[in-house]
Amino acid sequence: MRFRTRLTLVLLTVVIISQLATGVAFLRATQNDALAKGNQRLEVGARVFQQLLDIRGEQLRNNVAILADDFGFKSAVATEDTATLFSVLANHGDRASADMVMLSDLSGNVLASSHHPEDSRMPFPELFERAQQTGSGVGVVIAAGEPYEFVLMPVRAPNLIGWVGMGFLIDEGVTEEINALTGLEISIVTYDASGNISYLASSHQAQLAMGLMSGHSDKLMEGAYTARSQMSEDDNYLSYASTLLADQQHQSFALIQLSREELLGAYSHLQWQLLSIVALMLLLTLAAAMWSARSISQPLIALAQAAKRIGQGERIEHISSGSSVTETNQLATTLLSMQEDIAKREATLLHQSRHDLLTNLPNRVSAFEDIQRLTQRGQPFTLLRFSINDFRSINDTFGYELGDHLLVTLAKRMQDLPSPVIKSYRLDGDELMLVLEQADVNRHKREEIMALISEPISLDKSLIMPSLSAGEVNYPAHGDNAQLLLRRSDIALDKARRHRHSHERYEEGQDEQHLRQLMLIRDLQEAVDNGELWMAYQPKVDTTTGRVCQFEALMRWRHPTLGFVPPDEFIGLAERSGNIGLLSDWMLAHVCEQLHHWKRRGHHLSVAINLSASDVIDPGLPMHITELFESYDLTPDQLALEVTESAVMQDVEAATETLMALSQMGLKIAIDDYGTGYSSLAQIKRLPVDELKIDKSFVLKIDTQQEDLTIVRSTIEMGHHLGLKIVAEGVENSASAEILSQLRCDYLQGYWISKPMPADAITGWLDEFKPLHLSTAAIN
């Protein structure tokens, strides 16, 4: 729904509700006021009626008093002259316009009456009793079912000799007089003991009173209308009933009525006038609402369109709201200000998205875009991609704050490099890059650049000489797009880091090797589940007995598409990609299961397995091996562990703790490939090591190279002095075996004894193997 339509509807709804509420409240108040005034008129009419009765009663009282004081009347009463009494009563009744006259003795026996038989009891005992108590009595009485205003007074001569009374009928004359005075309809209704109407006198049509009273006779009998008014929606009249007399035999009421039609006639006319006013107000409100909605919505629509254009990136210099409203103009100004803030924030975000937060150098995204632009222009250039060697060790030694200082310093130096350097970047972590405007860089220039970058840096009052490795690619020689050049620079840098060279230039074919490595890393995760891995076992021979003492477990991988993958290749990739733990878990479980299988067939064999650097520092490894021993019913002498020098030296404390726990379990531990690392026997002797395995690079040509012989001899002698057993691997001929035996080497391993074999060939090979006969004569 449009804003203008919604605003119009809201305004109309508010006005309609307020007008209806006001109109209904006004009409209800007017109606209640009219009804209240009608009730007041009825009460006034009741009071007028009562006053009329009082006036007529007073007149009648005066007439009765005159009669009671008449001498002739007293004489007739005293002599009980009945004829005279009747004559006097009749004459005085006519003169007073009385409808009923009566004379009784002191006991209340009727002496003469116009309506009652002679010698009958007083027909109005309550009025007679009140007259005896007060000296006179005035009230409404019922005679022959008709209501009378009756006065009863004593006759004295001078003592009390009787009671004389007169009354007039409350008939249509009375009601007509009340109607003339008040304009109200009045009816006199009398009920007998059975509830039937015995008398009715009305100032209006008798049928109307009858109809009105027929519906309320039961309520009147119950006194529901006594001295009060009632109006219902079904009634055509407001009614007020006043009790004239109520005893066990009769009930008489004066029913005063007011026509509702007459009372509410003005109200009905006012109602139509009010409806006309409300309709007119609604029309005016509709017009005002439409105008207001239009005047309010047009500036807002203009502002909304301007905001939409700003959101789409369009720059707006001025916003015309078309309104004189201060708030609208303020909103227009705010939108323009917001546009400037958005532009500044976008510029900041763009800069942050294209620059490194630490060094403020352009980042990888910026490098990609810049290189892409250079290739599009066809301008030759060179990328030198750097990595800080041992950057993790610097962070661990000096802390991350000083490591960040090192990066910031190198970044500043790169930014200050002179031509031919175009721009410098920080790609990720410790990787930096330079773009040079040359097709290639000669050795002298490259070394000069690296020397400027690698000058000593003061870190925590210590001078640090940054060691950098660089990978180089050239455009257009090594690629024609940014993605390819960046990938090949990464390949060249990776090769420099692995070989710890200061510089490597990309060479054709390295891409394929890189893609092969990526595929192997990806497929290595599925090799275990797909059954592509298997274990080969190479025997070790004791030079003293010539018998097989142990096997070394060697992992093999038969790739479904690449075929046999050398272990040196995929194990190194597993360590770099973090998958070595997966391979170690599989190898341990597989070797323990194989040992259990051989044991069940009567071959109690011992197998040595190789641990990676992550395995050696894993505190959970001892518990894991213990669980495998329990699962496969193995003893500690059936499993030995081999670990390289470099793996131990990565975290000596953690490795020592793990190896101590394994040694305490009874496992034999050997240092593998000894002589290729950077440790010494002095460092190794602190470890729980049982054996040293001399690297095959020193053993292969021991029979022809005097230097290798010297190294092997000294290693065996020093190892024995430390209480270690010595294993020589790479024994490929009998001459080498004889020499090693004469040097007192403890164990031999190599192709001359046997190549690595699958597990199912071991038992057959053992059955056919004959112990070796080696010379034990010492070599001088």
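Trainee: Which way do E691 and K693 point from strand β24, and which way do L692 and I694?

Mentor: In this predicted model, E691 and K693 point one way from β24, which spans residues 691-694, while L692 and I694 point the other way. E691, K693, L692 and I694 are all buried.

Trainee: Which strand pairs with β24 over three bridges, and in what sense?

Mentor: That is strand β23, residues 668-674, which pairs with β24 in the parallel sense over three bridges. As one example of a bridge, Y674 has I694 in β24 as its partner.

Trainee: And how many bridges does β24 make with β25?

Mentor: There are four bridges between β24 and strand β25, residues 725-729, and the sense is again given as parallel. On that side, L692 has I726 in β25 as its bridge partner.

Trainee: Changing topic, where does N474 sit, and is N474 buried or exposed?

Mentor: N474 belongs to strand β16, which covers residues 468-475. N474 counts as buried because its relative accessible area is 1%, and the cut-off for buried is under 20%.

Trainee: What does the side chain of N474 reach, then?

Mentor: The backbone oxygen of A439 is reached by the N474 side chain at 3.2 Å. In addition, the side chains of N474 and T382 are joined by a polar contact of 3.0 Å.

Trainee: Which residues does N474 touch, leaving out those up to four places away in sequence?

Mentor: With those left out, N474 touches F381, T382, A439, D440, G479, L485 and R505.

Trainee: Now pockets: how much space lies in the second largest one?

Mentor: The second largest pocket holds about 360 Å³ of space. It is lined by 17 residues, and those closest to its centre are P123, F124, P125, E126 and D247.

Trainee: Which element gives the most to that lining?

Mentor: Strand β3 gives the most to the lining of the second largest pocket, with five residues. Both α4, residues 125-134, and β3, residues 137-143, supply at least two residues of the lining.

Trainee: What does the lining look like by class?

Mentor: The lining of the second largest pocket has nine nonpolar residues, five polar ones and three charged ones.

Trainee: Last one, on the whole chain: how many helices and strands are there?

Mentor: The chain has 27 helices and 27 strands. Of its 780 residues, 45% are buried, and among contacts between residues at least 6 apart in sequence, 62% join residues at least 24 apart.

Methods: Residues numbered from 1 in each chain as written. Predicted model: local features only at pLDDT ≥ 70, side-chain atom pairs only at ≥ 80, totals over all residues. Heavy atoms only, no water. 1 Å grid on protein atoms, 1.4 Å probe; cavity = no way out; pocket = protein on both sides within 12 Å on 5 of 7 lines; lining within 4 Å. Points joined across faces, edges and corners; volume = space filled by probe spheres on them. Nonpolar A, V, L, I, M, F, W, Y, C, P; charged D, E, K, R; others polar. Buried < 20%, exposed > 50% of the residue type's maximum accessible area, 1.4 Å probe, protein only. Polar contact = N/O pair within 3.5 Å; in protein donor to acceptor, adjacent residues only side chain to side chain. Contact = heavy atoms within 4.5 Å. Pairing = 2+ DSSP bridges.
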